[in-house]
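Grab your viewer and let's work through a couple of exercises. Try each one yourself before reading the solution.

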Amino acid sequence: MSLRVQEDASAISQQSQSFSAAFELQGNPAQGELQFFTPLGSTAAALSWSPAGAQLQARGETREFSDLTQLLTSLLGTDVPVAALFAWLNGQPQVEPGWQVDLSQRAQGKIQARRTSPEPAAELRVLLDD
């Protein structure tokens with residue numbers, strides 16, 4: 001999974017922030033776990049969420065958040081539409097306001113989604129392993 005977030009379009013120098021990692025996702029939009037792995041296979045971050053809140057474990061620390069949206073925004077610099085992501089991973093073209101998803105290569109294990117609004121623009125790419 002990779003995520004690239006473009007800085008505010010009105011900024012003088014447009015820079016982007018990138019994140020890329022192998023991942024394992026379990027559960028559903030209401031309750032689940034997401035782990036990100038380093039290139040060597042160790043856990044870089046572990047996220048878990050439920051209706052009661054969300055938790056991030058990384059760098060030997062545990063942080064609590066009111067919900068998954070707040071956690072993802074803190075970790076990645078932007079929100080990622082988790083409910084839509086679960087649908088997209090299952091090949092369902094769920095509409096998410098501000099996002100455009102391309103599932104044309106889903107059979108080959110590739111999903112691409114772009115957020116066009118609100119700012120900042122973002123691009124999410126997922127490469128699935130069988």
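What follows is a pair of exercises, with solutions, on a predicted model.

**Exercise 1.** Find the largest cavity and work out which residues line it, and of what kind they are.

*Solution.*
- Step 1: start with the count. With a cut-off of 30 Å³ or more, the structure holds one cavity.
- Step 2: get its volume. The largest cavity contains about 100 Å³ of space.
- Step 3: list the lining. You should end up with Met1, Leu25, Leu34, Phe36, Trp49, Leu68, Leu72, Leu76, Val80, Val82, Leu85 and Phe86.
- Step 4: sort these by type. Twelve are nonpolar, and there are no polar and no charged residues in the lining.
- Step 5: map the lining onto secondary structure. Strand S4 (32-37), helix H1 (68-76) and helix H2 (82-89) each bring at least two residues to it.

**Exercise 2.** Trace the open sheet: what is the strand order, and is the pairing parallel or antiparallel?

*Solution.*
- Step 1: walk across the sheet. Its five strands come in the order S3-S4-S5-S6-S7, with antiparallel pairing.
- Step 2: check the ends. Strand S3 (22-27) and strand S7 (61-65) pair on one side only, which makes them the edge strands.
- Step 3: look at the twist. Ignoring direction, neighbouring strands here are turned by 10° against each other on average.
- Step 4: zoom in on one pair. S4 and strand S5 (residues 43-50) are antiparallel and joined by six bridges. Leu34, one of the cavity-lining residues, has Leu47 in S5 as its bridge partner.
- Step 5: add the helix. H2 packs on the sheet and touches S3 and S5. The direction of H2 makes about 100° with that of S3.

Terms used
Residues are numbered from 1 along each chain as its sequence is written. This is a predicted model: local features need pLDDT of at least 70, side-chain atom pairs count only at pLDDT 80 or more; totals for chains, interfaces and linings use all residues. Side-chain values use heavy atoms; hydrogens and water are left out. On a 1 Å grid over the protein atoms alone, a cavity is a set of points where a 1.4 Å probe fits but cannot get out, and a pocket is an open set with protein on both sides within 12 Å along at least five of seven lines; lining residues have an atom within 4 Å of a point. Grid points are joined across faces, edges and corners, and a volume is the space filled by probe spheres set on the points. Helices (H or I, at least four residues) and strands (E, at least two) are DSSP runs, numbered from the N terminus. Ala, Val, Leu, Ile, Met, Phe, Trp, Tyr, Cys and Pro count as nonpolar, Asp, Glu, Lys and Arg as charged, and the others, Gly among them, as polar. Two strands pair if DSSP finds at least two bridges between them. Axes are lines fitted to C-alpha atoms, for helices over the stretch in contact, and angles run from 0 to 180 degrees between N-to-C directions. Contact means heavy atoms within 4.5 Å.
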